[in-house]
Amino acid sequence: MTDANSAIVTYSPAYTIVPTYECFNRCTYCNFRTNPGESSWLTLSAAEEILKQLKNEKVCEILILSGEVHPNSPQRQAWFQRIYDLCALALTMGFLPHTNAGPLSFAEMQQLKNVNVSMGLMLEQLTPELLKTVHRYAPSKVPELRLQQLKWAGELQIPFTTGLLLGIGETADDWWTTLEAISKIHQRHHHIQEVILQPHSPGNQQTFDALGFVPHQLPAVITKARQILPPEITIQIPPNLVKDEQWLLGCIEAGARDLGGISPKDEVNPDYPHIQEQELRDILQPVGWELVPRLPVYPQFDSWLSEELQTAVSLWRNSS
Ligand code: SF4
């Protein structure tokens with residue numbers, strides 16, 4: 001650590017709401033999806049019950065994380081409406097929604113901007129080679145489609161989180177290409193809050209038969225990512241996927257400054273329980289790092305939000 005600012009590591013006190021686990025893609029490393037039509041969607045009343053129970057906890061961010069309904073499906077409009085309504089409900093109850101529901105149309109993004117303080121989509125990797133392997137049956141993982149989302153988010157002034165999934169068959173050069181693409185889009189629109197570097201971590205449901213990304217490699221990737229990305233973009237790592245304390249601290253020393261949403265369950269990696277706040281503090285504090293909660297929107301983006309959202313955000317900023 002070299003200065004006072006660099007001694008802070010942030011996280012978002014969050015809870016993940018899943019409108020549906022059904023997904024028309026079949027990424028072979030997925031530990032989340034069910035087949036379309038095989039699982040019921042979360043109702044608004046069930047969501048309300050969950051949210052009521054969170055009222056007295058420190059949860060601020062509601063991450064709306066959904067499997068995807070095909071854009072041409074007759075169910076698409078109902079799926080989108082459910083996501084919208086869940087965001088609106090969370091907002092009404094005083095939480096700050098952040099949606100990640102796969103690629104959306106421009107009009108869908110525009111509507112969700114009204115009920116989200118930020119949104120996200122993992123770019124994962126830009127190499128088209130993965131369309132022959134892990135993404136062979138995942139039409140949403142066409143790289144141009146995902147890049148388009150980042151551009152639209154910029155045009156719509158939506159504060160955005162994206163990231164890379166590491167260790168799904170790409171090369172090291174592919175990492176730099178993907179990071180450079182994020183950097184380039186950000187330099188045009190200045191809308192990327194965070195880039196997540198997520199190590200592939202095998203789970204029980206997946207069919208992709210590969211070892212997890214070795215966390216020992218992560219600090220070096222972060223160091224290079226820090227050189228490629230503009231300084232205002234925060235690098236985020238999921239601490240439950242970098243379990244070894246030594247390597248977690250190594251990642252922070254290398255430039256990661258955010259640990260993402262800490263919630264009771266990591267829905268994407270259900271085999272890897274989140275490390276809770278106190279345990280993280282116990283790891284970080286003895287070596288001089290202060291763990292600080294943050295909102296799902298960074299202060300420099302507050303003015304991009306509607307008046308209603310700005311009011312909701314300022315209540316949280318003033319209470320912290
Ligand atoms: S990783 Fe995401 S897009 Fe791929 S199958 Fe799973 S839920 Fe669907």
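Student: Where is Tyr21 placed in this model?

Tutor: In this predicted model, Tyr21 sits in the loop between β1 (8-17) and α1 (44-54).

Student: How do you know whether Tyr21 is buried, exposed or partly exposed?

Tutor: Count its C-beta neighbours. A residue is buried at 20 or more within 10 Å and exposed at 12 or fewer. Tyr21 has 18 inside 10 Å, so Tyr21 counts as partly exposed.

Student: Which residues is Tyr21 in contact with, leaving aside its neighbours within four places in sequence?

Tutor: Tyr21 is in contact with Phe32, Arg33, Thr34, Ser39 and Gly67. As for Glu61, 40 residues apart from Tyr21 along the chain, the two C-alpha atoms are separated by 20 Å.

Student: Good, now the helices. What makes α6 roughly parallel to α7?

Tutor: Helix α6 (residues 218-228) and helix α7 (residues 245-254) pack at an angle of about 15°, and their axes are 8 Å apart. Angles under 35 degrees count as roughly parallel, and that is why α6 is called roughly parallel to α7. The crossing of this pair is right-handed.

Student: Which residues make that contact of α6 and α7?

Tutor: On α6 they are Leu218, Pro219, Ile222 and Thr223, while α7 brings Trp247, Gly250, Cys251, Glu253 and Ala254.

Student: How do the residues of the contact of α6 with α7 divide into nonpolar, polar and charged?

Tutor: There are 6 nonpolar, 2 polar and 1 charged. Gly is put with the polar residues under the scheme used here.

Student: What describes the packing of α5 and α6?

Tutor: The axes of helix α5 (residues 172-189) and α6 come within 9 Å and cross at roughly 35°. This crossing, too, is right-handed. Trp175, Trp176, Leu179, Glu180 and Ser183 of α5 meet Val221, Lys224, Ala225 and Ile228 of α6. Sorted by type, the residues of this contact come out as 6 nonpolar, 1 polar and 2 charged.

Student: Which residues have the most contacts inside the largest nonpolar core?

Tutor: Ile64, Val195 and Leu197 do, in a core of 81 residues. Helix α2 (residues 76-92) gives the most to this core, with 7 residues.

Student: What does Leu197 touch, not counting residues up to four places away in sequence?

Tutor: Leu197 touches Gly163, Leu164, Leu166, Leu218, Val221, Ile222, Ala225, Ile235 and Ile237. Among these, Leu218 and Ile222 also belong to the contact of α6 with α7, and Val221 and Ala225 to the contact of α5 with α6.

Student: Why might nonpolar side chains gather like this?

Tutor: In soluble globular proteins, nonpolar side chains tend to be buried together.

Notes. Residues are numbered from 1 along each chain as its sequence is written. This is a predicted model: local features need pLDDT of at least 70, side-chain atom pairs count only at pLDDT 80 or more; totals for chains, interfaces and linings use all residues. Axes are lines fitted to C-alpha atoms, for helices over the stretch in contact, and angles run from 0 to 180 degrees between N-to-C directions. Helices (H or I, at least four residues) and strands (E, at least two) are DSSP runs, numbered from the N terminus. Angles under 35 degrees count as roughly parallel, over 145 as roughly antiparallel, 65 to 115 as roughly perpendicular and the rest as oblique. A crossing is left-handed if the near helix is turned anticlockwise from the far one by less than a right angle, and right-handed if clockwise. Two residues are in contact if their C-beta atoms, placed from the backbone, lie within 7 Å. A nonpolar core is a set of buried Ala, Val, Leu, Ile, Met, Phe, Trp, Tyr and Cys residues joined through C-beta atoms within 7 Å.
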